[in-house]
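Trainee: I'd like to learn how to read strands and hairpins in a structure. Can we go through one together?

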Amino acid sequence: MGHVNHARYLSYFEDARMTLLAASPAGLAGAEEDRGYIAARVAVDYQSPATFRAGLMLRVETGVSRIGTTSWTFDQQLYDGDVKIARCECVLVGYSYAEGKPRPLEADERAFWAALQ
């Protein structure tokens with residue numbers, strides 16, 4: 001159909017979030033230390049199609065719009081050059097796998113995510 005399928009946009013947004021999670025204080029091994037994260041909500045607004053072509057490179061910009069007691073919200077934008085093609089809002093929750101429930105964010109996590117506000 002000549003465009004990037006909308007489902008791929010979710011993967012682009014997730015890849016950008018995973019890069020940040022890997023750099024965060026808990027890192028990707030956070031679940032092993034019982035400092036895991038889970039997605040509570042993901043919403044995408046599709047604004048313009050990304051036309052498929054050789055050499056296509058899309059860019060994701062990610063910031064943090066809110067930090068709560070147990071969660072924080074990513075605000076992400078997907079661009080094709082200078083054209084914004086989608087926006088994603090994702091709420092992640094600090095999660096204790098040992099207890100099977102949300103956990104409060106620790107001070108180092110709060111500081112890390114606050115730097116992206």
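Mentor: Sure. Start with a general idea: two strands pair if DSSP finds at least two bridges between them. Keep in mind that this model is predicted. Here β2 and β3 make a hairpin, with three residues between them.

Trainee: How many bridges join β2 to β3, and which way do the two strands run?

Mentor: Nine bridges join strand β2, residues 58-67, to β3, and the two run antiparallel. For one pair to look up, take leucine 58: its bridge partner in β3 is aspartate 80.

Trainee: And what about β3 and strand β4?

Mentor: Those two are joined by ten bridges and also run antiparallel, with β4 covering residues 83-96. Look across from tryptophan 72 and you'll find leucine 92 in β4. β3 and β4 form a hairpin too, this time with two residues between them. In that turn, glycine 81 has a positive phi of about 65°.

Trainee: Is β3 mostly covered or mostly open?

Mentor: For this one you need a cut-off: a residue counts as buried under 20% relative accessible area. Strand β3, residues 71-80, is mostly covered, with nine of its ten residues buried. Across the protein, 36% of the 117 residues count as buried.

Trainee: Where do these strands fit in the whole chain, and in what order do the elements run?

Mentor: The protein has two helices and five strands. From the N terminus on, the order is α-β-β-β-β-β-α. As for its dimensions, the C-alpha trace spans about 45 × 25 × 20 Å along its principal axes.

Terms used. Residues are numbered from 1 along each chain as its sequence is written. This is a predicted model: local features need pLDDT of at least 70, side-chain atom pairs count only at pLDDT 80 or more; totals for chains, interfaces and linings use all residues. Side-chain values use heavy atoms; hydrogens and water are left out. Buried means under 20% relative accessible area, exposed over 50%, partly exposed in between (1.4 Å probe, protein chains only). Helices (H or I, at least four residues) and strands (E, at least two) are DSSP runs, numbered from the N terminus.
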